[in-house]
Amino acid sequence: MRKQSNKKHRIQNRADFVRGRRSRIVKERTVRMSMYGAGIIAVCVLFVMLTRWSRLQFTQIFVLGAREVPTEQIEKEISQYLASSTGGVFRASSMLLFRRAALAGDLERTFPQISDVSVNRIFTDRAIEITVTERDPWATFCTGDTCAYIAEDGVAYAHTLARDASLMTLIRQESSGNTDLGAVWCDEECRSAVRTIKNVLERDAHLGALSITYGEDEALTLTTREGWDIRILRTADIPRVTENIKIALETTIKERRKSLDYIDARFGDRVHYQYK
């Protein structure tokens, strides 16, 4: 009986020891987790304080390269961006959180005439230096009642009420498609066709094209600077068509060229023409 009692006593002591040890482990783990949590909170608070510290904020703005877009407007847009914050806590002007790509994208969306933005950070002066590259007019594009200047990348960047006589005018008869500034109004296929037609006509036939009108079908109407039209197909062999037009002008039409209404070159090698 005594042996059994001692055995039970040893088992009970061992169980108490195990429970006590487990309790200590849980307490130690809880203390460590609390310390870790407090440390993380302290680091987060310190980080937020650093992001809002006045000495770590960009306060100066320098804009370079602007020609048509007013520098004051660009500076105002940058100031508004720097004054913004995420969740009302993290300031966009913070040197620790400043995002160059975000600012560049914001400027390009706000000012379609700007094609590229380079952002340089000058930490010693707490300044941001912005260098912008502006689009140059390549043609005037009209669709429906809306006209705009487009650059060589096909992007429309500024509305216009009048056609610029120094530029080629593209007229799309149907009003479908995106007509927002900053959007591509003339895709690569469109631009390639315009370049080919313009260059071949000027080089081979000495004809300056004032405008090109097209719709959903294959027909194109070119208005020359002499005031008469040329009708061709988009899929035509432009150099060959131009040669046929040149031959007709030199051998048949001759001095009556100024009285032309149009030349129709949509029917193979045959050239039809009509006087006013």
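## A three-stranded mixed sheet and its helices

Three strands, arranged in the order S1-S5-S4, make up an open sheet of mixed pairing in this predicted model. Strand S1 (60–64) and strand S4 (114–122) are the edge strands, each with a single partner strand, so one side of each has no neighbour in the sheet. Neighbouring strands of the sheet are turned on average by 20° against each other, direction ignored. Helices (H or I, at least four residues) and strands (E, at least two) are DSSP runs numbered from the N terminus, and two strands pair if DSSP finds at least two bridges between them.

Between S1 and strand S5 (residues 127–134) the pairing is parallel, over 5 bridges, and phenylalanine 62 has glutamate 129 in S5 as its bridge partner.

Two helices lie across strands of the sheet, as tabulated here; contact means heavy atoms within 4.5 Å, and angles run from 0 to 180 degrees between N-to-C directions of axes fitted to C-alpha atoms, for helices over the stretch in contact.

| Helix | Lies across | Angle |
|---|---|---|
| H2 (residues 71–83) | S1, S4 and S5 | about 140° to S1 |
| H3 (residues 100–110) | S4 and S5 | about 145° to S4 |

The protein chain as a whole has 5 helices and 14 strands, and 35% of its 276 residues count as buried, that is, under 20% relative accessible area with a 1.4 Å probe, protein chains only.

Residues are numbered from 1 along each chain as its sequence is written. Local features need pLDDT of at least 70, side-chain atom pairs count only at pLDDT 80 or more, totals for chains, interfaces and linings use all residues, and side-chain values use heavy atoms, with hydrogens and water left out.

How values were computed
Buried < 20%, exposed > 50% of the residue type's maximum accessible area, 1.4 Å probe, protein only.
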